[in-house]
Each structure stands twice: as structure tokens, then as C-alpha cells.
Amino acid sequence: MDRFHLHLLSDSTGETLENIAKAALAQYDGVENVVKHFWPMVRSESHLDRIMIDVAANPGLVLFTLVNRDTRRKLENRCRALGLPAVAALDAVSDALSTMLGQEAKARPGRQHAMDAAYFARVDAIQFTIAHDDGINAQNWEEADIVLAGVSRTSKTPTSIYLANRGYKTANIPIVPESPPPPILFTLKHPMVIGLVTSAERLVQVRRNRLLSLNQSPDTDYVDEEKVKLEVAHARRMFADNGWPVLDVTRRSIEETAAAIINLFNERELQRAESS
């Protein structure tokens, strides 16, 4: 496919629009040549005028989330004059919500990023998660929402950070046969402890790549397949003995793993609420 230009215009950070474009593009093959032009914080007609110069020079699909009626009308008119499609990414959802709720949208840019209680709770979750990475500060784990346990290189840290950005205080602990975890792990009441596992073959591959990236020898027990199998088996036994739910992350992205964890967490919270 020839080079394809995609223009993303938002009157806020553009995070929502970028995620929509990413999700849509993932459904098509051969889109490696897509060139994204990212235009956040578009809140004036003068800013739009500058953007349209680039749009005219690199014609393509225009996706936008603009709540100001005058700005979006000008964008649509300019795109129409250039013969380019302009798609309002959230209009269908907003129209359906207006019908269901019986009210008009407030048309305030970036309202989803308001510094409300939920925002500060998310900041608090991020700070907690960073301070409780890789088994640190175990004495505070009871304050966590989720504790992830798993052998080395099962994506505990990036998954924890992703969950923190969703507002969940998350700690994580590496499971090493030669170094038992602190006893508090087995007595936690509030957090949900979840075990992360992966196939030994995949784990060896990931660990070997990690060592190579650090210019270290890939010939150690850390990547010995038989020892890695024993390590994974040890972790699985620990998870089973304690009745912790287990997720196999072998073929899961960080986002998919986090979504499964959130689902498990919400199910447990629902069960607790129903039994109380």
C-alpha cells in the first residue's frame, strides 16, 4: 500500500482519539505505511488554520474530537473543499447517550481529565505502585488492591504500572525458589493476590533476550530450560497451595493481562458485596 496519511485532531490531550485510531487500524493488514499526524489541544481557529496547511500538503483521513461547534464546522468545511473525509469519532456515542439520558452533552474540552477525586486516587495508586515494585516495602502490602506474584520476566512491573494508571494500587513480588517471599504475602486480607505464569520456553526466550540486551552471557541457570521449568512449577505449586487465581501471560499483551486481572478483581468485590 502507498503511504497513507491519518490526521488526528483533538481539543484535549488526544489520548482517546489516538486509542480509537489504534484500535481501528489493528483490524487491517498492511498498514505499516500509515503516517499519523497528531494535533492535540486544538482550541482556536488560528490553530486550525495552521493545521490545515499540513492537511492540504498531506491529504488523507481526518479523525477529530472537537466540541466547539464553530471550530469543527470550519474543519468539516475545509476538509470538504479539499475532498477529504472528516470523521467525528465520538458523535455516534454522544448522540446515543443524549437520547438515553435526555440531555445535551456539556461540550467542554478535556472534561474526562478533570482533577477530581478519581484523578487524585489514580495519582495515589501510581505512587503506591512505584514504591512497591519488585517486593519492596512488603509491610505496606495490606494497603494494596492487587498483589502480583510471578517468576522473573512475567511482566509483573509493566502490568502493575498499567493497573496503577487505571486506579488500582498494585504491588508485585518475584517468586524465587531460593528466596522465599516474606510471610506477610500468605496472610493478606484486603489485596487480591494473583499469580502470573508463562511457558518455560517463552520465559527462556525472553530472559535470553534480556541478557543479550545487557551484554551479559546468555549461558546461565537463569536461562537453563530445565531449571526454568522447575522454577515455574514451584511458582504454580505456591499459587495452588494458597488458592490464588492464576493467569497465563504467554500469549497476552500487558493490556489483555490487566483487563483479565481487573475482571477477576471486580468479580471478587461483587462477591464480597453480596455476602456482606
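Which residue in β2 does His7 stand opposite? In this predicted model, the residue facing His7 is His37 in β2, and the points below set that pair in the context of its sheet before turning to β7.

1. The pairing of β1, which spans residues 4–10, with β2 is parallel and extends over six bridges. Both strands belong to an open sheet of four strands, in which the pairing is parallel and the order reads β2-β1-β3-β4. At the edges of this sheet lie β2 (34–39) and β4 (86–88), each of which pairs on one side only, and neighbouring strands are turned against each other by 20° on average, with direction ignored.

2. Two helices lie across strands of this sheet. Helix α2, formed by residues 45–57, lies across β1, β2 and β3 (60–65) and runs at about 170° to β1, whereas helix α3, formed by residues 69–82, lies across β1, β3 and β4 and runs at about 170° to β3.

3. Strand β7, comprising residues 192–197, is described as mostly covered, with six of its six residues buried. The burial involves both faces of the strand, since Met192, Ile194 and Leu196 are buried on one side, while Val193, Gly195 and Val197 are buried on the other.

4. Strand β7 also has parallel partners that deserve a remark. With β5 (residues 146–150) it pairs over five bridges in the parallel sense, and within that pairing Leu148 has Ile194 of β7 as its bridge partner. With β8 (residues 246–248), β7 is joined by three bridges, again running parallel, and here Leu196 stands opposite Leu247 in β8.

Terms used: Residues numbered from 1 in each chain as written. Predicted model: local features only at pLDDT ≥ 70, side-chain atom pairs only at ≥ 80, totals over all residues. Heavy atoms only, no water. Pairing = 2+ DSSP bridges. Axes fitted to C-alpha atoms, helices over the stretch in contact; angles between N-to-C directions. Contact = heavy atoms within 4.5 Å. Buried < 20%, exposed > 50% of the residue type's maximum accessible area, 1.4 Å probe, protein only.
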